[in-house]
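Open your viewer and get ready to select. This tour goes stop by stop.

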Amino acid sequence: HVLAYADTAGGTEANALYGTADEIGAQLAALERAGAEYLLLTIPGGKEQLRCFAREIMPAFPASRVPIGEPNTV
């Protein structure tokens with residue numbers, strides 16, 4: 001949950017993704033391999049930082065890999 005680390009000093013920073021586009025892409029890939037299916041995206045840098053994310057990171061995670069609308073089989 002988004003507030004899971006709110007009461008832990010440094011918890012938010014320890015669980016946030018920071019770095020270059022390549023570093024963040026690698027961190028996202030590791031989360032995907034671990035089974036993460038969703039990402040809560042907060043970009044404090046404004047529209048240009050969001051555009052950078054869309055341009056440099058999102059192409060590595062094509063929507064065709066995401067089974068949208070499929071029933072949960074677990």
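Start with a term: helices (H or I, at least four residues) and strands (E, at least two) are DSSP runs, numbered from the N terminus. This is a predicted model, where local features need pLDDT of at least 70, side-chain atom pairs count only at pLDDT 80 or more, and totals for chains, interfaces and linings use all residues. Residues are numbered from 1 along each chain as its sequence is written, and side-chain values use heavy atoms, with hydrogens and water left out.

**Stop 1: the whole chain**

Select everything. The chain has 3 helices and 0 strands. Along the sequence, the pattern reads α-α-α. Now show the surface. About 6400 Å² of the chain is accessible, and 58% of that belongs to carbon and sulfur atoms. Such areas come from the Shrake-Rupley method with a 1.4 Å probe; for residues, only the protein chains shown count as cover. How many of the 74 residues count as buried? The share is 11%. Buried means under 20% relative accessible area, exposed means over 50%, and partly exposed lies in between (1.4 Å probe, protein chains only).

**Stop 2: helix α2**

Select 21-33, which is α2. Its 13 residues should span 18 Å at 1.5 Å a residue, and the end C-alpha atoms are indeed 18 Å apart. The expected span is 1.5 Å times one less than the number of residues. Next, colour Ala 21, Ile 24, Gly 25, Leu 28 and Ala 29: these residues of α2 are buried. They lie on the same side of α2, because they cover an arc of only 140° around the axis. The arc is taken from the directions from the helix axis to the C-beta atoms. What do the buried residues of α2 pack against? Their partner is α3 (47-56). Contact here means heavy atoms within 4.5 Å. Turn to the other side of α2: Asp 22 and Arg 33 are exposed there. Then step just past α2 to Gly 35, where phi is positive, at about 110°.

**Stop 3: charged side chains**

Side chains of opposite charge can pair when their charged atoms come close. A salt bridge is a side-chain nitrogen of Lys or Arg within 4 Å of a carboxyl oxygen of Asp or Glu. This structure holds 2 of them. Select Glu 48 and Arg 55: they form a salt bridge, with the closest N and O atoms 3.7 Å apart. Glu 48 is partly exposed at 47%. Arg 55 is partly exposed too, at 49%. Add Glu 56, whose bridge to Arg 55 has its closest N and O atoms 3.9 Å apart. Shared partners join Glu 48, Arg 55 and Glu 56 into one network.

**Stop 4: a nonpolar patch**

Select Leu 17, Leu 31, Leu 39, Leu 41 and Leu 50. They form a nonpolar patch on the surface, with about 410 Å² of accessible area together. Patch residues have over 30% relative accessible area and no salt bridge; like charges are joined within 9 Å, nonpolar side chains (Val, Leu, Ile, Met, Phe, Trp, Tyr) within 5 Å. Zoom in on Leu 17, in the loop between α1 (11-14) and α2. Leu 17 counts as partly exposed because its relative accessibility is 31%. Finish at Leu 50, in helix α3. Its relative accessibility is 43%, so Leu 50 is partly exposed. Which residues does Leu 50 contact, leaving aside its neighbours within four places in sequence? Look for Leu 41 and Ile 43.
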